[in-house]
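Where does a small molecule sit in a protein, and what surrounds the empty spaces? This report takes the spaces one at a time.

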Amino acid sequence: MNLTNIGTVKEILSRHGFSFSKGLGQNFIINPEICPKIAENGNARKGFGILEIGTGIGVLTAELAKRAEKVTAIEIDTRLLPILDETLSEFDNIKVINQDVMKADLNKIIKEEFDGLRVAVCANLPYYITSPVIMRLLESRLPIESITVMVQKEAAQRLCAETGTRESGAITVGVNYYGTVKQLFSVSRGNFMPSPNVDSAVIRIDIDRRYRLDEDGEKFFFSVVKAGFSQRRKTVANALSSQLGIGKEQVYTALTENGLSETVRIESLNMEQLIKFSESLRRMK
Ligand code: SAM
């Protein structure tokens, strides 16, 4: 079935009485060139199980299933299940799990679904939860090799920014802590049905865990990062003292220990500086 043919898609959706939910970020891909490109860049190949988030009518799911050993997709919208039964009927290597990705036990799903396979995540993410989904995938320490996702262009810019620059944010640091991120290609708004009012981009995060703190260190690091960026216009000392109740003198000492100015803002610290500063501060607690 051609799931990028607008006539075919409209016919199936109207037969099932389906109306798009804006709240669930339902913008489906209708350009036939995009899903094969996401699949090919996203490790959808022999030996791999692919975890997809948000199937829509299955346009990306089908391209993943053509290339990978198995696809397990998590979709929250129950109304899509009968549609998927129809649109994906030719495949025997797809399983759809009707759950909220923010609540699903992803480690358990991967263990049960992908025994003996290498695993990667591919998705055209619902935009209203882009950062929480990406952080959940990373923080859950899943045995995954890569995350290849379509996100809003502005989110892609934030995700792919260099740490230590104004363009970076807490999500930039989070992603860089666990992996290496890069933008693959842009996708303009006209490639979706219905068309959103923003453009998109596909990014890939290769999980390589270059930085390894122990469990407490990691927790403390992320609390520092979140507190710092939640008041990014303030100095690190002011932000951390008001958000985490850490004395300014302690912050100054940890900054000085690492050759950093007492008036520095969090956005100008790169990964190495952030990690060293966080570890110095933790030792003083
Ligand atoms: N993959 C399809 C495509 O590219 O055409 C659909 C992508 S659409 C941007 C996002 C999909 O995620 C929708 O099918 C939506 O119902 C689903 N979704 C939204 N929130 C979700 C959640 N919390 N958990 C799982 N799926 C969700």
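## Polar contacts with the ligand

A polar contact is a pair of N or O atoms within 3.5 Å. Keep that cut-off in mind for what follows. The model shown here is predicted.

Start with I76. One of its polar backbone atoms is 3.3 Å from a nitrogen atom of the ligand. D100 uses its side chain instead: a polar atom there lies 2.9 Å from a ligand nitrogen. Y128 also offers a polar side-chain atom, at 2.8 Å from a nitrogen atom of the ligand. How much of the ligand does the protein bury? Taken alone, the ligand exposes 600 Å², and the protein buries 99% of that.

## The shell around the ligand

There are 24 residues around the ligand. Those that come nearest are G54, E75, D100, N124 and Y128. D100 and Y128 have appeared already, each with a polar side-chain atom by a ligand nitrogen.

What kinds of residue make up the shell? It divides into 12 nonpolar, eight polar and four charged residues.

## The cavity

Rolling a probe the size of a water molecule over the atoms shows where empty space is left. The structure holds one cavity of 30 Å³ or more. The volume of the largest cavity is about 330 Å³. Its lining has 26 residues, and the closest to the centre are G54, T55, E75, N124 and P126. Three elements give two or more residues each to this lining: β1 (28–29), β2 (48–53) and α3 (59–67).

By class, the cavity lining has 15 nonpolar, eight polar and three charged residues. Where is the ligand? It sits in this largest cavity.

## The largest pocket

Now turn to the pockets. The largest pocket holds about 260 Å³ of space. It is lined by 13 residues. K22, N27, S195, P196 and N197 are the closest to its centre. Its lining divides into five nonpolar, seven polar and one charged.

## The second largest pocket

The second largest pocket has a volume of about 180 Å³. Of its 16 lining residues, M1, L3, V59, E63 and K66 are the closest to the centre. Which elements give two or more residues to this lining? They are α2 (34–41) and α3.

The largest share, four residues, comes from α3. So α3 contributes to the lining of the largest cavity as well as to that of this pocket. By class, the pocket lining has eight nonpolar, five polar and three charged residues.

Methods:
Residues are numbered from 1 along each chain as its sequence is written. This is a predicted model: local features need pLDDT of at least 70, side-chain atom pairs count only at pLDDT 80 or more; totals for chains, interfaces and linings use all residues. Side-chain values use heavy atoms; hydrogens and water are left out. A residue is near a molecule or strand if one of its heavy atoms lies within 4 Å of it. A polar contact is a pair of N or O atoms within 3.5 Å; within protein, one must be able to donate a hydrogen and the other to accept it, and residues adjacent in sequence count only if both atoms are side-chain atoms. Accessible areas come from the Shrake-Rupley method with a 1.4 Å probe; for residues, only the protein chains shown count as cover. On a 1 Å grid over the protein atoms alone, a cavity is a set of points where a 1.4 Å probe fits but cannot get out, and a pocket is an open set with protein on both sides within 12 Å along at least five of seven lines; lining residues have an atom within 4 Å of a point. A molecule sits in a cavity or pocket if more than half of its atoms lie within 2 Å of its grid points. Ala, Val, Leu, Ile, Met, Phe, Trp, Tyr, Cys and Pro count as nonpolar, Asp, Glu, Lys and Arg as charged, and the others, Gly among them, as polar. Grid points are joined across faces, edges and corners, and a volume is the space filled by probe spheres set on the points.
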